[in-house]
Amino acid sequence: MSEWNAQQKPASAETREIHRRFAERFGLDLTHTDNAEYALAKQHCILPLENYTVRDAQGGVVFDTADYAFLRQDAAADTVHPSLWLNGKSNALAGVFEVVPDKIYQVRGLDIANLTVIRSKTGWIVLDATSFPEVAAASLELLEQALGEPVRDRIRAVIVSHSHGDHFGGVAGVVSEEQTGDPAEGKIPVIVPAGFDEETVKENVFAGHAMGWRARYQFGFGLTPGAQGKVSAGIGVPGGRGSSAYVRPTDFIEEDTTRIIDGLEVVFQLTPGTEAPAEMNNYFPEYRAFWAAENCSGTLHNLYPIRGAQLRDSAAWWRFTIEALERYGKQSDVVFQAHNWPHYNTPEQPHGVEDYLRNTAAIYKHIHDRTLLYASLGKTAKETAKLISIPEGLERNWYTRPYYGSPEINSRAVYTKYLGFWNANPNEINPLTEPEEAALFVEYAGSAERVLELAERDFAAGRYDKAAKAAGYVVYTDPQNLKARYLQADAFEQLGYQAESSVWRNAYLSGAKELREPEHNGSAIRSRNSIIVKLSPRLLLDYLGIVTDGEKLADADERIRIHIVDPAQPGDAPYHGRSVGTTAEFVLHVYHGTLLYYEGHTEEALPYLSVTERDLPLLAIPGETEFFDRADTNAPEILHRIRDAVTDIAAKSQFPMFTANTVTL
Ligand SMILES: [Zn+2]
């Protein structure tokens, strides 16, 4: 047990035993894995794609189905939880699939999310557009190939169900921004739920840099697809890497409503505060088909995605899903969504759709209620996570298994949403930081050697969580301690192999990789600039406040009137509710290191800044030099001070998750 090294390891006897016991309990044959969800995932494929590559304009690979060909074997690999193996196997089935004959089709298996089209009177409505324009464009081409009819030039509307990048990121592959607009003017509407733009910004910009980095643990960006690496994203095949483009929505759904879109009746059910802050379901009465957006995804979803997000509301989630069941359940023969595959009423399961909606709602409500019951009895969030269990009648539905979210993390999310992050122990009022706690632990244990001796003992006994925790304390105090790093990595690895949740697996295996190859910690984070340049003035001022190092302006108490003027050039159409000929006014108040602003405030006597909506964001982008050429101002001094205080987050940030962070502003 003294040989610790940076190699990947096979599954341990303890790990294999955990898989064997699960298979026995759930009736799985590990040499020939199959279940009800795999059967659903396979059916109605009208164009299978076994060797298909999505490429970008330069010929670079965006996604290759061959990456997940290892999942085509029948036997589950012993380094993958058998249930997750089946989920991965199902998600890796790429192709064009029929949902309702002649009416609804999906392209699946080329991205974490699906592209869905639904037939309207003269063409097609696109429901969600995957993560990347390249995938969306390829999907439309594949649909034409499979259906033998034009699709690309018959798009009548794009409906984006919610404010997450894997749903709106590919819109530019379906329509260009120039094509979008009012259908009465021959344009294609991009229809989104109320609040979409603001939520998109909050999720992708305000905390976007940290979130982008943390996402590597959730999705395993640094992992190689394979039985010892990435297997599934839980809600789809792990996506590739395409270009990013943001197409502005043109039509916001403000309340539950029914619209006729190109002759097709489309019912909108808003579901704010569920899987996304701005989200909506759709019902298509003519096709007896219910689109569950990402509210029902063929798995237990996240109340808290570990990439970081505001906690989701399990109460809203179950309530809107029950509302959907009541409104559309009996009128639907199929429920389909942006991830995974559809569920139907069948002769064997005549109420399959209603069951699917009810079981999905029930699992969120069960976790919600039981967590608060435990909390009421005095349990902490960590304790509720260990105690939470799912009743047998619910846990045996494969479509609510924890491939993405998990009962443990969801329970902590419920606790935290209601009670916050404090565990009601005064030790945690002003807690030690992670490195401080680690140093204390090692010091009190006597030495790093003593800690590692005990960690090795726990590792040998299959107590990988304890071994990882203790070895991690040594890593914090001494990142060069290879034994500690390799021991923690090996423990993480077995925990990853044991995990049914793709998120847990990806997090553990990413951690193992980072500990073994610390030089690979530092993958580039996507620039947020393509969204920043499209922020409304108010959101831009919010963002400017975040990225400005206030300490550099601590002595200032100055106000500038910001006059958002009409666009300078054709094509610079003003957005965000302003029409041509109107202006927007703000007063920006640099107030002791804080950027306050007053919306709609006009005070002629103040120094001014006149700038177009399109140019204002340049003030907040490091390295952009054109702001002062494009703006008109008589307050250049304070604006230069702000500009100089803008932090180059991308250049400065470091995320050494297993050692101390030494960055300073
Ligand atoms: Zn999604």
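In strand 18, valine 587 is the bridge partner of arginine 561. This pair is a good place to enter the predicted model, since it belongs to a longer run of contacts: strand 17 (residues 557-565) and strand 18 are joined by 8 bridges and run antiparallel. Strand 17 also pairs with strand 20 (residues 608-612), here in the parallel sense and over 5 bridges. Within that second pairing, isoleucine 564 has valine 611 of strand 20 as its bridge partner. Both kinds of pairing rest on one general principle: strands of a sheet are held together through backbone hydrogen bonds, either parallel or antiparallel.

Just after strand 18 (584-591) comes a loop that leads to strand 19 (594-599), and histidine 592 lies in this loop. Its backbone deserves a second look. Most residues other than glycine have a negative phi. Histidine 592, however, has a positive phi of about 50° although it is not a glycine. Is histidine 592 buried, exposed or partly exposed? With a relative accessibility of 45%, histidine 592 counts as partly exposed.

The wider layout of the protein comes next. The chain is divided into domain 1 (31-359), domain 2 (428-520) and domain 3 (533-651). Between the C-alpha centres of domain 2 and domain 3 there is a distance of 46 Å.

Another part of the model holds an open sheet of 8 strands, arranged in the order 1-4-5-6-7-8-9-10 with mixed pairing. At its edges are strand 1 (45-48) and strand 10 (251-253), each of which pairs on one side only. On average, neighbouring strands of this sheet are turned by 20° against each other, direction ignored. Helix 4 (residues 133-147) packs on the sheet and touches several strands, among them strand 1, strand 7 (124-129) and strand 8 (155-159). The direction of helix 4 makes about 45° with that of strand 6 (115-119).

Inside this sheet, strand 4 (residues 95-100) and strand 5 (residues 104-108) run antiparallel and are joined by 5 bridges. One of the partnerships is that of valine 100 with isoleucine 104 in strand 5. The loop between strand 4 and strand 5 contains aspartate 102, a residue other than glycine whose phi is positive, near 70°. Aspartate 102 has a relative accessible area of 39% and is therefore partly exposed.

Valine 61, in strand 3 (residues 61-64), offers an example of a contact across the sequence. Leaving aside residues up to four places away in sequence, valine 61 touches Thr53, Val54, Arg55 and Arg241. The C-alpha atoms of valine 61 and glycine 240 are separated by 8.2 Å, although these residues are 179 residues apart along the chain. Valine 61 counts as partly exposed because its relative accessibility is 46%.

Finally, the model contains a zinc ion. Which residues coordinate the zinc ion? They are Asp166 (OD), His167 (NE2), Glu294 (OE) and His339 (NE2), at 2.0 to 2.1 Å. Along the chain, these donors follow the spacing D-H-x126-E-x44-H. Distant parts of the chain are linked in this way: aspartate 166 sits in helix 5 (residues 165-168), while glutamate 294 lies 128 residues apart from it, in the loop between strand 14 (289-291) and helix 8 (314-329). Both aspartate 166 and glutamate 294 are buried. For four tetrahedral donors, the ideal angle at a metal is 109.5 degrees. At the zinc ion, the angles among the 4 donor atoms run from 81 to 177°, and the site is irregular.

Note on methods: Residues are numbered from 1 along each chain as its sequence is written. This is a predicted model: local features need pLDDT of at least 70, side-chain atom pairs count only at pLDDT 80 or more; totals for chains, interfaces and linings use all residues. Side-chain values use heavy atoms; hydrogens and water are left out. Donors are N, O and S atoms within 2.8 Å of the metal (3.2 Å for Na, K and Ca); water is not among the atoms, so sites may look incomplete. Four donors count as tetrahedral if all angles lie between 85 and 135 degrees; four count as square planar and six as octahedral if opposite donors are over 155 degrees apart and all others between 65 and 115; anything else is irregular. Helices (H or I, at least four residues) and strands (E, at least two) are DSSP runs, numbered from the N terminus. Buried means under 20% relative accessible area, exposed over 50%, partly exposed in between (1.4 Å probe, protein chains only). Two strands pair if DSSP finds at least two bridges between them. Axes are lines fitted to C-alpha atoms, for helices over the stretch in contact, and angles run from 0 to 180 degrees between N-to-C directions. Contact means heavy atoms within 4.5 Å. Domain bounds come from an automatic or database domain assignment.
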